[in-house]
Structure formats: C-alpha cells, structure tokens
Amino acid sequence: MVLKEKIAASIPAWRERVKKLLNESGDVKVGEVTIRQVYGGMRDVESLVTDISYVDPTEGIRLRGFTIPELVEKLPRRPGDLMPLVGGLYYLLLVGEIPTLAEALEVEDEWKLRSEVPDYVYEILTTMPECTQPMTLFTQAILSLQCQSVFAQQYDAGARREDYWDYMLEDSLNLTAKLPTIAAFIYNLKFKVRKIQLVDPDLDWSANFAKMMGVQDPLYAELSRLFFIIHSDHESGNVSAHATHMVGSTLSDIYYSTSAGINGLAGPLHGRANQEALSWLKDVHEKYHGVPSREELKEFAWETLKSGQVIPGYGHAVLRKTDPRFTAQLEFGKTNFPGDPIFKLASMVYEIVPEVLIEQGKAKNPWPNVDAHSGVLLYYYNVKEYDFYTVFFGVSRAMGILAQLIWSRALGLPIERPKSVTTEWVEQQVAAAKK
Ligand code: NMX
Ligand code: MLT
C-alpha cells in the first residue's frame with residue numbers, strides 16, 4: 001500500500017527531528033502554569049504534541065496545514081462527485097500530503113476489503129437492552145472487536161517497539177473500514193428495522209454509509225463526505241483525542257483507546273452537543289409554532305441561560321471566532337435548502353445568540369462551534385433521531401484520533417502521567433510567591 005510505504009519512509013526523519021529537540025533543547029521552557037489553569041481543565045497549557053492538526057483560536061482548524069475550504073477544494077474526488085473522498089482525507093491525516101485520486105481510491109478499496117463486521121458484533125448489539133444509547137452501542141461494538149487486534153497479538157508475540165506503528169495502522173484500517181457499517185446497523189436497529197448489510201463495491205465509504213442509512217437523496221452522500229471530513233480532527237487536547245491518546249499511551253491497542261475517546265465524545269459538552277443543539281432548535285420551533293421573531297428567540301436564549309444551562313453549539317475552549325466547520329455546514333444548507341424552516345431558524349440563532357452570550361458576559365467565545373449546525377443538515381435529510389447524531393461525529397472523529405495514535409506510537413511517545421498536587425500544596429505555592 002502506498003499509504004504504508006509513505007508513512008514508513010517519513011518516520012526516520014520525524015524520529016530524528018524529535019530526538020534532536022529532546023537531546024539539544026529538552027530543558028527549554030515553553031510555558032508556565034497558573035493556578036487558574038491547574039483548576040481550570042488545563043486550558044491553554046501547551047503540553048501535548050500532534051502534527052496531524054492545529055487549531056488557531058481565530059482562524060480555526062488546519063488539518064495537516066490545510067483549512068476546511070482548502071481541504072474541500074484540494075482533496076481528490078471521483079468524477080461527478082461534489083465532495084472529496086474520505087479515503088483521501090484519511091491518507092492526508094496519516095501521510096501529511098494531499099493524495100492523488102488513485103491513492104485516495106486505494107484507501108477506499110482497502111476499506112472495502114476489510115469492511116465485513118463479524119456476526120458476533122451484531123449479536124452483542126442486538127442483545128443490549130432497549131434503553132441503550134446509540135453511543136453506548138457504538139463503543140460497545142468497537143470494544144468487542146478488540147480480540148481482533150493485530151497490535152495486541154504482535155505485542156504478545158514480542159514485536160519490536162519500532163514496528164508498533166505498523167500494527168496500529170493495520171488495526172486502524174480494519175476498524176475504520178467497519179465504522180460506517182456498524183453505525184448504520186445501530187441506526188437501523190434502534191430506529192428502523194434490524195438489518196445486516198454488506199458494502200456495495202461500486203460505492204465509496206461515505207456513499208455506502210448513506211445507502212445503509214436508507215437515505216436515497218444523492219446529496220446525503222455528499223453531505224456525509226463533507227461531514228466526515230470536517231469532524232475528523234481538532235488537534236490533540238479535545239477530550240476524544242486526549243482520552244484516546246492517554247489510554248493508548250499505556251500500549252493499549254486501538255480498540256481500547258478509541259472506545260475511550262468515543263466515550264468522551266458522548267458527553268454533552270463535547271460531541272453530544274450536536275444532538276442537543278438540534279433539540280434546542282426544535283424546542284424553539286415548537287414553542288413559537290415555527291420560526292420565532294428575533295425578540296422571541298432572544299427571550300428563549302435568556303431563559304436557557306437563566307435556568308443554568310448552556311446554549312448547545314456555542315462557545316469553545318480554544319476558538320475565539322465562528323468555527324469554520326460551522327461555516328462549511330451553513331454554506332451547504334444555504335446552497336441546498338435555504339428555505340427549510342429549521343435551517344432558517346439556525347441561521348437566525350447565529351445572528352442572535354452571540355449577542356446574548358456577549359451581554360451575559362460569561363462565555364469567552366460567544367460564537368458557534370461545529371455542533372451548532374450539523375443536526376440541521378441531518379434532520380433535513382430525514383435522519384430525525386437526535387440520539388444518533390453523536391455517532392456520526394464518532395465515525396468521523398475515529399480517523400483523526402487514530403492518525404494521532406499511530407504517529408504517537410511511531411515516535412515512541414511514553415505513557416502519559418502528569419503530576420497532580422493537593423490544595424495544600426497549591427496554597428503553599430501562593431504563600432511562597434507572596435513572600
Ligand atoms: N452557553 C452558556 N454558557 C456558556 C456557554 C454557552 N454556550 N459557553 C460557555 N459558557 C459559560 C461556561 O459554562 C462557564 O460558566 P461558569 O463560569 O459558570 O462555569 C463560562 O461561560 C466560561 O466558560 P468558557 O471558558 O468560555 O468555556 P469552557 O472552555 O470552559 O467550555 C465549552 C467550552 C465548549 C464546553 C462551552 O463553551 C460550552 O459548554 N458550550 C456549549 C456546549 C457545546 O457546544 N459543546 C460542544 C463543543 C464542541 N465540541 O464538539 O466538542
Ligand atoms: C472538537 O472538535 O473536538 C471540539 O471542537 C472540541 C475541542 O476542540 O475542544
């Protein structure tokens with residue numbers, strides 16, 4: 001595979017680069033930590049490294065140096081498709097270069113070969129109780145594949161440390177190949193009719209997902225491509241990436257590590273915000289029997305804040321401007337269904353909610369994040385079961401967190417173990433600083 005050959009060829013230079021930094025400049029200080037950061041979720045503490053993606057607070061995400069619009073323009077697509085192949089994105093994340101169409105198609109073909117989900121996974125999912133959340137089913141499925149881990153088998157057989165990344169890549173290809181099938185199975189099991197489906201060799205990863213979801217509109221496959229590209233990675237400090245990295249740093253295989261990350265994504269302050277954002281819009285729509293006036297919307301936003309809740313889809317730990325991933329989705333709606341009432345409502349929320357959050361004066365970033373708009377698009381294509389929306393996010397996010405993990409292994413990053421302190425210790429530091 002070209003993908004594997006290219007990664008193998010670039011690893012020695014990367015190892016040398018990091019080794020040089022550590023040997024020659026290991027004691028150079030790159031930051032300081034305040035008490036606010038110690039108690040405040042380590043916000044802005046520069047203590048993780050990834051070269052897969054980087055978030056600039058005002059510009060937003062760059063995946064391997066490319067902005068969202070650049071990715072949509074430059075990643076290869078099949079003739080006739082509006083959006084690029086997700087196989088090309090996976091290649092880019094891992095290799096660091098925009099692939100040719102042939103290279104992107106090679107990933108897509110590899111995924112088809114590895115896509116079959118063992119029957120026992122379907123049995124496990126079917127046996128879970130009625131009350132089980134789609135995200136629980138999703139992580140359950142990932143974890144149940146752990147017994148197939150190539151890395152775990154090779155580790156037990158005494159694999160060499162410098163080869164670990166190769167087995168992790170095998171696991172990553174095996175897992176990502178199956179995720180659209182698993183996700184669509186969960187959707188049908190929970191909300192439609194249980195069915196086991198095999199991938200159609202004539203379709204790409206995203207169009208196969210769209211077909212298995214039972215959505216006929218060809219634009220839904222285009223939306224899936226866009227969705228899977230923009231949600232894939234957001235540097236290393238977000239909860240899903242960080243949790244994956246931390247668990248993986250123990251040399252847990254990717255099934256253990258990814259399920260940990262996806263469990264983090266299930267939280268309302270992280271990926272689950274996409275379903276909560278749609279549910280919030282639907283509540284507004286229901287209360288005012290349609291698109292409300294600007295005053296009514298403002299009133300609703302204030303009611304949410306006064307009841308002590310957050311406005312889902314707004315704010316961010318790093319971003320300080322509108323998330324370009326939000327903008328990409330807004331543009332998709334503007335182009336394809338500008339008259340849809342929920343789309344119109346979401347656009348109006350974008351005009352009103354930042355004003356309200358600024359007036360309240362708490363949120364450091366009053367602008368929308370990726371989750372403010374994704375539900376609107378899925379809802380339009382008749383995927384109305386909000387509880388499923390975070391699973392979409394998870395299918396995409398797996399690619400970024402796995403690319404990060406493979407590279408962490410290639411660079412031999414150690415087990416993660418920050419130092420924790422006591423409140424008394426913190427007070428002693430304050431006393432010493434005041435002397
Ligand atoms: N609505 C109401 N209050 C907010 C919001 C919001 N959208 N965003 C931040 N705040 C509050 C926050 O709760 C905190 O209040 P308090 O001091 O009472 O604890 C205060 O503003 C300061 O928070 P920030 O430092 O601005 O934000 P932080 O970095 O702690 O958290 C989020 C970031 C994303 C968790 C936060 O903005 C939020 O809860 N947003 C809504 C949920 C959401 O959209 N999450 C998805 C993020 C993207 N993703 O996919 O993961
Ligand atoms: C993400 O995509 O992971 C979110 O925007 C959250 C983050 O970056 O902290």
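In the predicted model, a polar backbone atom of Tyr314 lies 2.7 Å from a nitrogen atom of ligand 1. A second backbone contact involves Lys364, where a polar backbone atom is 2.7 Å from an oxygen atom of ligand 1. A side chain also takes part: an N or O atom in the side chain of Arg43 is 3.0 Å from an oxygen atom of ligand 1. On its own, ligand 1 has 890 Å² of accessible area, and the protein covers 75% of this area.

The surroundings of ligand 1 comprise 21 residues. Those that come nearest are His270, Gly313, Tyr314, Lys364 and Asp371. Tyr314 and Lys364 thus appear in this group and also supply the backbone atoms described above. Sorted by class, the shell around ligand 1 contains twelve nonpolar residues, five polar residues and four charged residues.

Ligand 2 is surrounded by His234, Asn238, His270, His316, Arg325, Phe393 and Arg397. His270 is named here as well as among the residues that come nearest to ligand 1. By class, one residue in the shell of ligand 2 is nonpolar, four are polar and two are charged.

Three side chains place polar atoms beside oxygen atoms of ligand 2. In His234, an N or O atom of the side chain is 2.7 Å from an oxygen atom of the ligand. For Arg325, the distance from a polar side-chain atom to an oxygen atom of ligand 2 is 2.7 Å. Arg397 likewise has a polar side-chain atom 2.7 Å from an oxygen atom of ligand 2. The accessible area of ligand 2 on its own is 260 Å², of which the protein covers 84%.

One pair of helices was also examined. Helix 16 spans residues 324-336, and helix 17 spans residues 341-360. Arg325, which contacts ligand 2 through its side chain, falls within the residue range of helix 16. The two helices pack with their axes 11 Å apart, at an angle of about 140 degrees. Helix 16 and helix 17 are therefore oblique to each other, since an angle counts as roughly antiparallel only when over 145 degrees. The crossing of helix 16 past helix 17 is left-handed.

Key: Residues are numbered from 1 along each chain as its sequence is written. Chains are lettered from A and ligands numbered from 1 in the order in which they are written. This is a predicted model: local features need pLDDT of at least 70, side-chain atom pairs count only at pLDDT 80 or more; totals for chains, interfaces and linings use all residues. Side-chain values use heavy atoms; hydrogens and water are left out. A residue is near a molecule or strand if one of its heavy atoms lies within 4 Å of it. A polar contact is a pair of N or O atoms within 3.5 Å; within protein, one must be able to donate a hydrogen and the other to accept it, and residues adjacent in sequence count only if both atoms are side-chain atoms. Accessible areas come from the Shrake-Rupley method with a 1.4 Å probe; for residues, only the protein chains shown count as cover. Ala, Val, Leu, Ile, Met, Phe, Trp, Tyr, Cys and Pro count as nonpolar, Asp, Glu, Lys and Arg as charged, and the others, Gly among them, as polar. Axes are lines fitted to C-alpha atoms, for helices over the stretch in contact, and angles run from 0 to 180 degrees between N-to-C directions. Helices (H or I, at least four residues) and strands (E, at least two) are DSSP runs, numbered from the N terminus. Angles under 35 degrees count as roughly parallel, over 145 as roughly antiparallel, 65 to 115 as roughly perpendicular and the rest as oblique. A crossing is left-handed if the near helix is turned anticlockwise from the far one by less than a right angle, and right-handed if clockwise.
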